Amino acid sequence: MFNSSHAQPTRNAETTNAGSVIFTETLRLGAQQLNHKNVKVAMIGAGGCGKSTIASRLVTGSFLDQTMTRGLNIDTWSIVDCEEEAVITAAIFDLGGQEQFRFFHEDLAQGAHMVMLVFDVSRFKTMLEIDEWLGLIEHIPKEKWILVGNKTDLNATIEESEIKAKAEELGIRYVLVSTKTGDNFEELASSVKRILRDT
Ligand SMILES: Nc1nc2c(ncn2[C@@H]2O[C@H](COP(=O)(O)OP(=O)(O)O)[C@@H](O)[C@H]2O)c(=O)[nH]1
Ligand SMILES: [Mg+2]
């Protein structure tokens, strides 16, 4: 019963609501014509710099205050790419920064197609802490990395020239955002989409 209603939508249409069955089929066929790609995004960086908040703003488009990540968060972001007629489903792995969870971080960064290296511009130390994570992500090509300085709405303790120097030292691009106010966030979202599209 259950299977036949899916397998034979025309017959089903005669007996039930023809309009909704045809609509469902159109959606199904439409979806088949789109290319579909699954990708994995890793976020690394010190606890409290806004990784979970960035992930949730990418997915929902809004600022939602996050509770502390214990170990791992996974958010799923569906990106419809009209130009390429493709749908990209990005699983964003947001790794909790706490020392006690580090033992399983290596596996979680494995297979990632891109990585966001996040720090908090109001806490200088968090930019230096980026280095502690580099061993985990060295298998990911540098053009798939992006350095993200978050919380630009707060008083910065880091000069932009220092951030630029850090990005140059790492050999990667950087973007400064406020996930709270949304300032420059669209640039981050576009950069991430561009990287994923080329993956
Ligand atoms: N002022 C400000 N606070 C932010 C911003 N982004 C995140 N936060 C706050 O910083 C705290 C830690 O964020 P969270 O996403 O949990 O950090 P994570 O540990 O890196 O995942 C939360 O209270 C967020 O609401 C921002 O751009 N500006
Ligand atoms: Mg978190």
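## Exercises on a predicted model

The buried residues of α4 are Lys-51, Ser-52, Thr-53, Ile-54, Ala-55, Ser-56, Arg-57 and Leu-58. The structure is a predicted model. The exercises start from this helix and move outward.

**Exercise 1.** State how far helix α4 is covered, what covers the buried part, and what follows the helix.

*Solution.*
- Step 1. Count the buried positions: eight of the 10 residues of α4 are buried, so the helix is mostly covered.
- Step 2. Look for the neighbours. The elements over these buried residues include the strands β1 (35-44), β2, β3, β4 (114-120) and β5, and also α9 (185-197).
- Step 3. Go past the end of the helix. Gly-61 follows α4 and has a positive phi, near 80 degrees.

**Exercise 2.** Describe the shell around ligand 1: which residues are closest, which helix gives the most, and how the shell divides by class.

*Solution.*
- Step 1. The shell holds 20 residues, and the closest are Gly-50, Lys-51, Ser-52, Thr-53 and Lys-180.
- Step 2. Assign residues to elements. Helix α4 (residues 51-60) contributes the most, with three residues.
- Step 3. Sort by class: 11 residues are polar, six are charged and three are nonpolar.

**Exercise 3.** Give the strand order of the sheet and find its edges.

*Solution.*
- Step 1. The sheet is open and has six strands, ordered β2-β3-β1-β4-β5-β6, with mixed pairing.
- Step 2. Read off the edges. β2 (72-81) and β6 (173-176) each have a single partner strand, so one side of each lacks a neighbour in the sheet.
- Step 3. Add the twist: on average, and ignoring direction, neighbouring strands are turned by 25 degrees against each other.

**Exercise 4.** Describe the strand pairings at the two edges of the sheet.

*Solution.*
- Step 1. Recall the general rule: strands in a sheet pair through backbone hydrogen bonds, in a parallel or an antiparallel way.
- Step 2. Take β2 and β3 (residues 86-95). These strands run antiparallel and are joined by 10 bridges. Thr-76 has Ala-91 in β3 as its bridge partner.
- Step 3. Inspect the hairpin of β2 and β3. Four residues lie between the strands, and Glu-85 has a positive phi near 50 degrees.
- Step 4. Take β5 (residues 145-150) and β6. This pair is parallel, with four bridges. Gly-149 is opposite Leu-176 in β6.
- Step 5. Place the helix on this edge. α8 (residues 160-170) lies across β5 and β6, at about 150 degrees to β6.

**Exercise 5.** Identify the best-connected members of the largest nonpolar core and the elements that supply it.

*Solution.*
- Step 1. This core has 40 residues; those touching the most other members are Val-41, Ala-42, Met-43, Ile-44, Val-115 and Val-148.
- Step 2. Trace the suppliers. At least two residues come from each of β1, α4, β3, β4, α7 (134-137), β5 and α9. β4 gives the most, with six residues.
- Step 3. Follow one member. Leaving out residues up to four places away in sequence, Met-43 touches Lys-51, Ala-55, Ile-92, Phe-93, Asp-94, Leu-95, Met-116 and Val-118.

**Exercise 6.** Decide whether Asp-198 is buried or exposed, and locate the residue.

*Solution.*
- Step 1. Asp-198 belongs to the segment after α9.
- Step 2. Apply the cut-off: a residue with 12 or fewer other C-beta atoms within 10 Å is exposed. Asp-198 has 10 C-beta neighbours inside 10 Å, and therefore counts as exposed.
- Step 3. Compare sequence and space. Asp-198 and Lys-144 are 54 residues apart along the chain, and their C-alpha atoms are separated by 9.4 Å.

Definitions and conventions. Residues are numbered from 1 along each chain as its sequence is written. Chains are lettered from A and ligands numbered from 1 in the order in which they are written. This is a predicted model: local features need pLDDT of at least 70, side-chain atom pairs count only at pLDDT 80 or more; totals for chains, interfaces and linings use all residues. A residue is near a molecule or strand if its C-beta atom, placed from the backbone, lies within 6 Å of it. Ala, Val, Leu, Ile, Met, Phe, Trp, Tyr, Cys and Pro count as nonpolar, Asp, Glu, Lys and Arg as charged, and the others, Gly among them, as polar. Two strands pair if DSSP finds at least two bridges between them. Axes are lines fitted to C-alpha atoms, for helices over the stretch in contact, and angles run from 0 to 180 degrees between N-to-C directions. Two residues are in contact if their C-beta atoms, placed from the backbone, lie within 7 Å. A residue is buried if 20 or more other C-beta atoms lie within 10 Å of its own, exposed if 12 or fewer, and partly exposed in between; C-beta atoms are placed from the backbone. A nonpolar core is a set of buried Ala, Val, Leu, Ile, Met, Phe, Trp, Tyr and Cys residues joined through C-beta atoms within 7 Å.
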